[in-house]
Amino acid sequence: MKTDSSPSLRSPSGPRDARKHTPKVDRSGLYQRAIRESFVKLDPRIVVRNPVMFVVWLGTLVTLLVTINPSLFGPIQESIGKQRLLNGIITLVLFFTVLFANFAEAVAEGRGKAQADALRSTRSDTVARKILPDGSIQEVNSTELRRGDQVRVVAGDMIPADGEVIQGLGSVDESAITGESAPVLKQPGTDIASSVTGGTRLLSDELTLRITSDPGQGFIDRMIALVEGAERSKTPNEIALTVLLAVLTLVFLIVVATVPSIAHYIAGFLDTALGPDVGNTFRSGSSIAILISLLVALIPTTIGGLLSAIGIAGMDRVAQFNVIATSGRAVEACGDVNTLVLDKTGTITLGNRLADEFIPVNGHTVESMAKVCLAASLFDETPEGRSIVQLAQSLGATLDDLGANGAEGIEFSARTRMSGTDFNGQEYRKGAVDAIKGFVRSRGGQVSPALDQAYEGVSRLGGTPLGVCKDNDIYGVIYLKDIVKPGLKERFDQLRRMGVKTIMLTGDNRITASVIAREAGVDDFIAEATPEDKIDVIRREQSQGKLVAMTGDGTNDAPALAQANVGLAMNSGTQAAKEAANMVDLDSDPTKLIDLVTIGKQLLITRGALTTFSVANDIAKYFAIIPTIFAAAGIGALNIMGLRSAQSAIVSALIYNALIIPALIPLALKGVQFRPLTADQLLQRNILIYGVGGVIAPFIAIKLIDMILPLA
Amino acid sequence: MKINHPKPTLFLTQSTSQTLETVAEIWSEGRRQKLPRYLFLALCFNLVVAPMVYAASGSELSRPQAWALGLLGLGTVALAIYLFFVMFVPERF
């Protein structure tokens, strides 16, 4: 006995990879804008925010001065023309190093801005029909609406601002923000379906809304600010890395600043020991332009130039998944998550639990039970309730048989764990079997062992059993069938390998919960959970020093979403849930939390890989520059690359240093390919690829550049 | 015919007050805009450093070279202070 799925709930259609954000992101002209922006970012007030690049920027300024006047800081050993040419080349290469770093950041920012522009195009001012206190309608501009105002929206109208449906029923096209073309049914009174977003369009009927946000503070406004990076602040890992880069830069600054004194001392010693002018090569090695080149080659310019681009790209990747993160901190936290707290319904299972079978007990027939089920579900607007009504009707039960005029609906609550209908002095109830047993006993009825057998039978199938009764007589058990989402077991296996524990929370009984948990492959489960259990399990995990991620959509999820390190709210959820969470999923697909963990880990791995690569590069650059400029000290043998001259070695190392930044931009933006490995395995892999690779690659590249350069 | 000249005392007072006003304006601008103040202080401090560099270099450097090198040294120290600042308040960068 199958029933059709309810039309009121929408699930994202098609495979996730095939889904796109509907407001088309126009990325044409992105690189032209980025080039323009990279010149704007040369403003010292902007460069000063990136310590490594600020040092390069200052170095460029000083080398420019010594290009204009080569003997500005002291006598030179070479001819003026030759020295000026070398200084000029160094200035040019340093300038491009800063420019390429700015370009990387500008490209990453440009992608976010393109997305913000697409969103901005959906946010046009509209005329709203404001309901005045006397009930009359006044047409006002949507920007004049304030929180608490009431407006009427008719089919075809753009919804003027974020709000809550207080009257009416209608389908809304939310594709402007979610990318889903399927309309969503909106109606008052339900936690999920009553919130509407400004900029979306009402397709049918009429709605009365209560505005929930002031102008400029709506959901789309906040999304624009976030994707544009207006509210971007440094994440803890970025802060730690900034400190590391500043320390490295300071150490190399001190080293390079003390080189002239040591060089002069050794030059004087060589003059005395081996004859006059022998130490001159040492003196030329400590010219200001060469010292600045040495400093720039040694400081971690690659990661310094790409650091902000990696962070912005991480946010962008999350946005491409139709998820809006309130901060980079939230995205990073995803990568560090140890525990995932997942709801069973909708996250692990398909969520559209439908009545599959009525199992009568106490000698009742399926037909008589169907009538009671229909009566108990008259006011139940949930998909489960509607599926029960449909199944009952397919079994021949009709409303006419009941004579339900003047019936009163009893709403479901977490405390009673049942819902139903009262009419003609009779009480029809359906709900958790324990709750129904308690209800029947309170009315003087008896509970037969057949009920427990039916209950266990349904639970062992992984279904949800719902007890049904009329007054003190139990009629049977409804089998609500739910299906574990395909491919989840493999995903949970991957998470386990990465050291992420999964906990499933469900209001179902222990038997059902254990069957589903085993089938889905979660590590732990909590059955018969109340909303309070969610926050308890998060606190318990956090007290063990773990980072916890969870999803939620209802108002009762808000405290847990706020407590979790990563709280992912569904866009279809209530305003309270969205405000408490640090991420909002526009597709309202709770399974996406698993993808977010992957993206967060990818962000951290990318940053770690490029830092390793950048620091490893120093070894080759050191071997390129030091042996050639101080060859007179007898360390020429260390010139293992056989570079032709000191000038060629310096310029080759600097050109490599500059070119590696744009070469790594695609990797910084796309991220290192994610593999579900443990932290140790990832570290080993990173060291092997980006550490050893970072040592070898510049040796080859610098040698090639040296061979191409016409500097003797 | 009697020519009336402004009283010398009054003229001096006006000139002094104008100068004081200008100094006060420069001072208030200097407090508001930090970079020119730091540059000015560096140039002043270089009046002490440059002769020391010149003296230490023997006859190798000319006076302008010593002055430029002194300023470069001060710039390097300032850069080191900036990097220390980044290390202690990284969230501002």
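How many bridges join β10(A) to β17(A), and do these strands run parallel or antiparallel? Five bridges join the two, and they run parallel. The views below come from a predicted model, and they start with the sheet that holds this pair.

**View 1. Seven strands of chain A line up in an open sheet.** Going across, the order is β9-β21-β20-β19-β10-β17-β18, and the pairing is mixed. At the edges stand β9 (323-325) and β18 of chain A; each has a single partner strand, so one side of each is left without a neighbour in the sheet. From one strand to the next, the twist averages 20 degrees. Look between β10(A) and β17(A) and you'll find Val341(A) opposite Ile503(A).

**View 2. Here we zoom in on β19(A), a strand with buried residues on both faces.** Five of its five residues are buried, so β19(A) is largely enclosed by the rest of the structure. On one side sit Val548(A), Met550(A) and Gly552(A), with Ala549(A) and Thr551(A) on the other. β19(A) pairs with β10(A) in the parallel sense over three bridges, and one spot to look for is Thr339(A), whose bridge partner in β19(A) is Val548(A). With β20(A), the pairing is again in the parallel sense, over four bridges. There, Ala549(A) faces Val566(A) of β20(A) as its opposite number.

**View 3. Helix α23 of chain A lies across several strands.** This helix takes in residues 592-629, and the strands it lies across are β9, β10, β19, β20 (566-570) and β21 (583-585) of chain A. Relative to β19(A), α23(A) runs at about 145 degrees.

**View 4. Helix α20 of chain A has a buried side and a face turned away from it.** The helix covers residues 531-543, which is 13 residues, and from first C-alpha to last it reaches 19 Å, close to the 18 Å expected at 1.5 Å a residue. Which of its residues are buried? They are Lys534(A), Ile535(A), Val537(A), Ile538(A) and Glu541(A). These buried residues cover an arc of only 160 degrees around the axis, and that is why they end up on the same side of α20(A). The opposite face carries the exposed residues Glu532(A) and Ser543(A). Among the elements covering the buried residues are β10 (339-343), β17 (501-505), β18 (524-526), β19 (548-552) and α21 (558-563) of chain A. After the helix comes Gly545(A), with a positive phi near 80 degrees.

**View 5. Strands β11 and β16 of chain A make an antiparallel pair.** Six bridges hold the pairing between β11(A) and β16(A), the latter spanning residues 473-481. Five of the seven residues of β11(A) (354-360) are buried, so this strand is largely enclosed by the rest of the structure. To find your bearings, pick out Phe358(A), which stands opposite Ile478(A) of β16(A).

**View 6. Last stop: the place where chain A touches chain B.** Chain A brings 18 residues to the contact and chain B brings 15. On the chain A side, α3 (51-68) and α7 (236-274) are the elements that give two or more residues. The most come from α7(A), with nine residues. Sorted by kind, the chain A side has 13 nonpolar, three polar and two charged residues. As for chain B, it has three helices and zero strands, so to speak a plain α-α-α run from the N terminus on. Buried residues make up 14% of its 93 residues.

Technical notes. Residues are numbered from 1 along each chain as its sequence is written. Chains are lettered from A and ligands numbered from 1 in the order in which they are written. This is a predicted model: local features need pLDDT of at least 70, side-chain atom pairs count only at pLDDT 80 or more; totals for chains, interfaces and linings use all residues. Two residues are in contact if their C-beta atoms, placed from the backbone, lie within 7 Å. Ala, Val, Leu, Ile, Met, Phe, Trp, Tyr, Cys and Pro count as nonpolar, Asp, Glu, Lys and Arg as charged, and the others, Gly among them, as polar. The expected span of a helix is 1.5 Å times one less than its number of residues. A residue is buried if 20 or more other C-beta atoms lie within 10 Å of its own, exposed if 12 or fewer, and partly exposed in between; C-beta atoms are placed from the backbone. The arc is that of the directions from the helix axis to the C-beta atoms. Two strands pair if DSSP finds at least two bridges between them. Axes are lines fitted to C-alpha atoms, for helices over the stretch in contact, and angles run from 0 to 180 degrees between N-to-C directions.
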